Amino acid sequence: MNLTEAHIKINEVKFREGKVFFLLEDGREIGAPLKWYPKLNQASEDELLDFEISPGGYGVHWNKVDEDLSAYGMLNYSQEKNIKTV
């Protein structure tokens, strides 16, 4: 089965130890360092907590810093190599 955005639904967003985590509908937790996302890395706690999960659950939008992340994108991006792994 191919991994597609339609199969990944975000239920919650959490922050800890300098990372952002998505808790997924299927029970998985995925995360990435905030330093991979400069706007989020420089955001205040208030700005980080001002987010909305998309109605379909595929992504998150941070209102005050105008940043968008999808679970699919987080799973398929390698910051170290600066390339998508798909």
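## The turn after β1

E17 is found in the loop between β1 and β2, with β2 covering residues 19–24. Keep in mind that this is a predicted model. The backbone at E17 has a phi near 50 degrees, a positive value in a residue that isn't glycine. Is E17 buried or exposed? With a relative accessibility of 74%, E17 counts as exposed.

Just along the chain there's a charge over a ring. R16 lies over the face of F21, at 4.0 Å from the ring centre.

## A three-stranded sheet

Further along, 3 strands form an open sheet, and they sit in the order β4-β5-β6 with antiparallel pairing. The edge strands are β4 and β6 (67–70), each of them pairing on one side only. From one strand to the next, the twist averages 15 degrees.

How many bridges join β5 to β6? There are 4 of them between β5, which spans residues 59–62, and β6, and the two strands run antiparallel. If you want a spot to look at in that pairing, find W62, which stands opposite E67 in β6.

The loop between β5 and β6 has its own backbone quirk. D66 is placed in that loop, and D66 has a positive phi of about 50 degrees although it is not a glycine.

## The aromatic cluster around W62

The count of aromatic pairs comes to 2. In one, F15 and W62 meet edge-to-face, with 6.4 Å from centre to centre and 65 degrees between the planes. An angle over 60 degrees is what puts a pair in the edge-to-face class. F15 lies in strand β1 (residues 10–16) and W62 in strand β5, so this pair ties together parts that are 47 residues apart in sequence.

W62 also pairs with F51: the ring centres are 6.1 Å apart and the planes are at 50 degrees, so this pair is tilted. Here the link is between strand β4, where F51 lies, and strand β5, where W62 lies, so the parts tied together are 11 residues apart in sequence.

Put these rings together and F15, F51 and W62 form one aromatic cluster. How accessible is W62? Its relative accessible area is 0%, so W62 is buried. The two Phe residues are partly exposed: F15 has a relative accessible area of 25%, and F51 comes in at 24%. The cut-off for buried is under 20%, so F15 at 25% and F51 at 24% don't make it into that class.

## Salt bridges

The salt bridge count is 4. One of them joins D46 and K64, whose side chains meet at 2.7 Å, N to O. Which parts does this bridge tie together? D46 lies in helix α2 and K64 in the loop between β5 and β6, so the bridge links parts that are 18 residues apart in sequence. Both ends count as partly exposed, D46 at 48% relative accessibility and K64 at 47%.

Another salt bridge pairs R28 with D26, with the closest N and O atoms 2.8 Å apart. R28 is partly exposed, with a relative accessible area of 35%, and D26 is partly exposed too, at 48%. Then there's the salt bridge between the side chains of E12 and K14, at 3.5 Å from N to O. E12 counts as partly exposed at 36% relative accessibility, and K14 is likewise partly exposed, at 36%.

## L49 and its distant neighbour in sequence

L49 is found in the loop between α2 (45–48) and β4 (51–53). Is this leucine buried or exposed? At 52% relative accessibility, L49 counts as exposed; the line for that class is drawn at over 50%.

K14 comes up again here. The C-alpha atoms of L49 and K14 are separated by 8.9 Å, while the two residues are 35 apart along the chain.

Note on methods: Residues numbered from 1 in each chain as written. Predicted model: local features only at pLDDT ≥ 70, side-chain atom pairs only at ≥ 80, totals over all residues. Heavy atoms only, no water. Buried < 20%, exposed > 50% of the residue type's maximum accessible area, 1.4 Å probe, protein only. Pairing = 2+ DSSP bridges. Axes fitted to C-alpha atoms, helices over the stretch in contact; angles between N-to-C directions. Phe/Tyr/Trp six-rings, centres within 6.5 Å; stacked < 30°, edge-to-face > 60°. Lys NZ or Arg CZ within 6 Å of the ring centre and 35° of its normal.
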